[in-house]
Amino acid sequence: MKQYKDASNRLSLTLSGVSNDLGLFIIKMIRFYGDPLQKVIGLDQAYLDFNINGVIVVLHAEHYLGVSIHVKDGTHDALLHDIASELINEE
């Protein structure tokens, strides 16, 4: 799993290098955390916001980059790692 931090020190974790995997991760996120608060799906990008214990976690897909997750505001690195592990390792 690739990870990177943006200029504001916000961590993003890559769940898959294939953007078409978004549907699989949406199903898992809904099963684990309930329906998204907001959903924006376009031709090349998609964003879904989930409220997880009061933290907004964004599931993001971009056509050429794949599927990733990040926290909308602030840093919650341990939470993101826990979520990513659950999504990737769940059978």
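1. A definition to start with: two strands are taken to pair if DSSP finds at least two bridges between them. With that in hand, look at β3 and β4 (residues 45-52) in this predicted model: the two strands pair in the antiparallel sense over 4 bridges. If you want one place to check this by eye, go to V40, whose bridge partner in β4 is Y47.

2. Now for the sheet as a whole. It is an open sheet of 6 strands, arranged in the order β1-β2-β6-β5-β4-β3 with antiparallel pairing. The edges are held by β1 (3-5) and β3 (38-41), each of which pairs on one side only. On average, and ignoring direction, neighbouring strands are turned by 20 degrees against each other.

3. Helix α1, residues 22-33, packs on this sheet. Its contacts are with β2 (11-16), β4, β5 (55-62) and β6 (66-71), and the direction of α1 makes about 15 degrees with that of β4.

4. The other helix to look at is α2, residues 77-89. This helix lies across β1, β2, β4, β5 and β6, and runs at about 5 degrees to β2.

5. On to the interior. The largest nonpolar core has 23 residues, and those touching the most other members are L15, L22, V57, L59, I69 and I83. Two or more residues come from each of β2, α1, β4, β5, β6 and α2. Which element gives the most to this core? That is α2, with 5 residues.

6. V57 deserves a closer look, as one of the core residues that touch the most other members. Leaving aside residues up to four places away in sequence, V57 touches L48, D49, F50, I52, I69, H70, V71, L79, L80 and I83. I would select V57 on screen and step through these contacts, among them I69 and I83.

7. The count of aromatic pairs comes to 1. Why is the pair of F32 and Y33 called edge-to-face? The ring centres of F32 and Y33 are 6.1 Å apart and the planes stand at 75 degrees; planes over 60 degrees apart count as edge-to-face, so the label follows.

8. Are the two residues of that pair buried, partly exposed or exposed? F32 has a relative accessible area of 28%, so F32 is partly exposed. Y33, at 24% relative accessibility, also counts as partly exposed, because buried means under 20% and exposed over 50%.

9. Finally, a charge beside the same ring: the charged end of R31 sits over the ring of F32, at 5.6 Å from its centre. Together with Y33, whose ring is edge-to-face with that of F32, R31 is worth displaying when you view this spot.

Notes: Residues numbered from 1 in each chain as written. Predicted model: local features only at pLDDT ≥ 70, side-chain atom pairs only at ≥ 80, totals over all residues. Heavy atoms only, no water. Axes fitted to C-alpha atoms, helices over the stretch in contact; angles between N-to-C directions. Contact = heavy atoms within 4.5 Å. Core = buried A, V, L, I, M, F, W, Y, C linked by side-chain atoms within 4.5 Å. Buried < 20%, exposed > 50% of the residue type's maximum accessible area, 1.4 Å probe, protein only. Phe/Tyr/Trp six-rings, centres within 6.5 Å; stacked < 30°, edge-to-face > 60°. Lys NZ or Arg CZ within 6 Å of the ring centre and 35° of its normal.
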